[in-house]
Protein chains: 2
Amino acid sequence: MLIHYKKIIDNELKLFNQNLPSLSIYEPIKYIINLGGKRFRPSLTLLAADIFCEKPQLAINEAVALELFHNFTLIHDDIMDEAPLRRNQQTVHNKWNINNAILSGDLLYALVNKLLATSPSKNKEIHKLFHQTAIEVCEGQSLDMEFENKNDILLTDYIKMIQLKTSVLIACALKMGALIGGASSKDSNLLYNFGLNLGTAFQIHDDILDVYPSEDNFGKQVGGDIIEKKKTILLVELINNSSSVDKKIIFQILDDQEIDINLKVSKIKDYYKKYSVLKLAVESKNKYYEKAIDCVNQINISENKKVLIKDFSAALMERKF
Amino acid sequence: MLIHYKKIIDNELKLFNQNLPSLSIYEPIKYIINLGGKRFRPSLTLLAADIFCEKPQLAINEAVALELFHNFTLIHDDIMDEAPLRRNQQTVHNKWNINNAILSGDLLYALVNKLLATSPSKNKEIHKLFHQTAIEVCEGQSLDMEFENKNDILLTDYIKMIQLKTSVLIACALKMGALIGGASSKDSNLLYNFGLNLGTAFQIHDDILDVYPSEDNFGKQVGGDIIEKKKTILLVELINNSSSVDKKIIFQILDDQEIDINLKVSKIKDYYKKYSVLKLAVESKNKYYEKAIDCVNQINISENKKVLIKDFSAALMERKF
């Protein structure tokens, strides 16, 4: 349903790419933009502007800046995660090298800042929000990295981490669009909180899908997060709810480098079952999803527009776009 | 002579540090700020504002943002250059690790952007200039990296590289201060060009000092740039002026991993002498220095203020502060 906005964004990104200089450090930037993506964050910015002023184009610079910022974080995150692939293509540091990935990322972030600074939008609050969000995204990535070597993570710490790493950017995308569309402070904050809660539900859903895939995910390695010992809501709930004897065994399984990976996944899944971890995770997901919908209901817009946002929310949770 | 401004900057940086959260990703940021430095870039911003409106404090946010941006580039450049030390202390990636250095650098840049966006200065041109300069600094670093593996560099390419990597930030520091101080477009551009040319002269001087040190530099390895095969104005001039036979020998010496490093430096210095490379470099330096002074002379300010800028320029070239 955001396909109309996606087309606008893709077109703008194409123009952005075409206008970049031919200097070789711009190549990784052109490359990652051309890798594509759902563009759902910038589409949300256009949607929010559209809802409040029916002129989504007014928010185009901020939407594109947000998508480019997201791509900048992908370049640097992929270095930190040593990821070889992104959207089934080589990551930037893998195709070029780490130095090129660091520097082209920095350059992309500088381009984002210039794009924002030259945007006709006069509202200073928008830029403050954007830069504050950038700070929080970095904080989220740092917590994610810290958690890799930490076993005693509370659910609240985990939620804080995914909110900083993922949800705040979705929330920012929406609030920027709302502010540009002339929404009241109350409505734009409600939309921010909608995004924050929806993003959180979405990330929890993503954690669940890794171990309990839907039919569409056929062919993907089940339990990739378990193999990587990644802190997901499932693992965090398991660690916090299991007996000390089981917890010791769980870490032995996770740390076992010799064990067959499918057996590893299956053993951990047995513990997930024993401690009803899926149920706990689904409850969390639903809690945040309901909070999100509750925010939408409070926004001072027509019922039709609320339905639009709710339909998008449902589609996102079903990963249907 | 900029000591008064340095004190203001150091005080602001101290407050900035104190107000940073306790999250561990902020530690590398606090660390690099505490490493100190001459703070001459932000001091120039305050000087320029002082010259035009006698209220240097008006430019404090922009000055601090510029210094912090410079520190962000140092964190990332040190990774790319694999530098173990910065100001005789461990570099960030050396003290922590590469991931922490990438991420804390990104976070510092995000903090810079927020500081700028929340600055009371209303002039949009200032922020455009700042972000355009950031783009150019990244471009300069990319050219510097490219030149490492390239032997046929023209003098104009070399000058372009050092101007992007070094001079534009000095020029930006001055122009931001001038704009905040209410300078005319003509005067602020003259100050920009002064900074661009002075920065170029300064970098050429730096290249020269590495091989022909002043007395103050006693104890430092002479010819460190030769050992690292770094493209300096001396090497660029040598490559462009030597016979093809000599050029071949010069690259053999530079690529020789077995030779005693002092012998390597001495052999290359012999070629510098043969082709009067020092003279050529000094001529370039003087040309840019004179251009810089010529810009100062055209600015519509009192003679006293011109003398102030010229005294600073002379002190910078003598590295007396």
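The largest cavity in this predicted model is lined by residues of two chains: A:Leu103 and A:Asp106 come from chain A, while B:Phe72, B:Thr73, B:His76, B:Asp77, B:Met80, B:Val137, B:Cys138 and B:Gln141 come from chain B. Three helices give two or more residues each to this lining, namely α6 (98-117) of chain A and, in chain B, α4 (60-80) and α7 (124-148). Of the contributing elements, α4(B) supplies the most, with 5 residues. By residue class, the lining of the largest cavity is made up of 5 nonpolar, 3 polar and 2 charged residues. The space enclosed there comes to about 60 Å³, and the structure as a whole holds 4 cavities of 30 Å³ or more.

Where does the largest cavity lie with respect to the domains of chain B? Domain 1 (1-122) and domain 2 (124-320) of chain B both contribute residues to the lining, so the cavity lies between them. A:Leu103 and A:Asp106 of the partner chain also belong to the lining, which leads on to how the two chains meet.

Turning to the pair of chains, a turn of 180° with a shift of 0.0 Å along the axis lays chain B on chain A with an RMSD of 0.0 Å. The two copies are thus related as by a two-fold rotation axis. Both copies use the same surface for the contact, as 100% of the contact residues of chain B recur in chain A. In terms of residues, the contact draws 39 from chain B and 39 from chain A. Between them, chain B and chain A bury about 3,300 Å², and carbon and sulfur atoms carry 69% of that area. On the side of chain B, the residues that lose the most area to chain A are B:Leu103, B:Lys124 and B:Ile135, which together make up 16% of what that side buries.

Within a single chain, there is a further contact to describe. Chain A is assigned domain 1 (1-122) and domain 2 (124-320), and the C-alpha centres of these two domains of chain A lie 22 Å apart. The contact between them takes 30 residues from domain 1 of chain A and 32 residues from domain 2 of chain A. About 2,800 Å² is buried between domain 1 and domain 2 of chain A, 78% of it on carbon and sulfur atoms.

Methods
Residues numbered from 1 in each chain as written. Chains lettered and ligands numbered in written order. Predicted model: local features only at pLDDT ≥ 70, side-chain atom pairs only at ≥ 80, totals over all residues. Heavy atoms only, no water. 1 Å grid on protein atoms, 1.4 Å probe; cavity = no way out; pocket = protein on both sides within 12 Å on 5 of 7 lines; lining within 4 Å. Points joined across faces, edges and corners; volume = space filled by probe spheres on them. Helix = DSSP H or I, 4+ residues; strand = E, 2+ residues; numbered from the N terminus. Nonpolar A, V, L, I, M, F, W, Y, C, P; charged D, E, K, R; others polar. Domains from an automatic or database assignment. Least-squares fit on C-alpha atoms with pLDDT ≥ 70 in both. Contact = heavy atoms within 4.5 Å. Buried area = accessible area lost by both parts, 1.4 Å probe.
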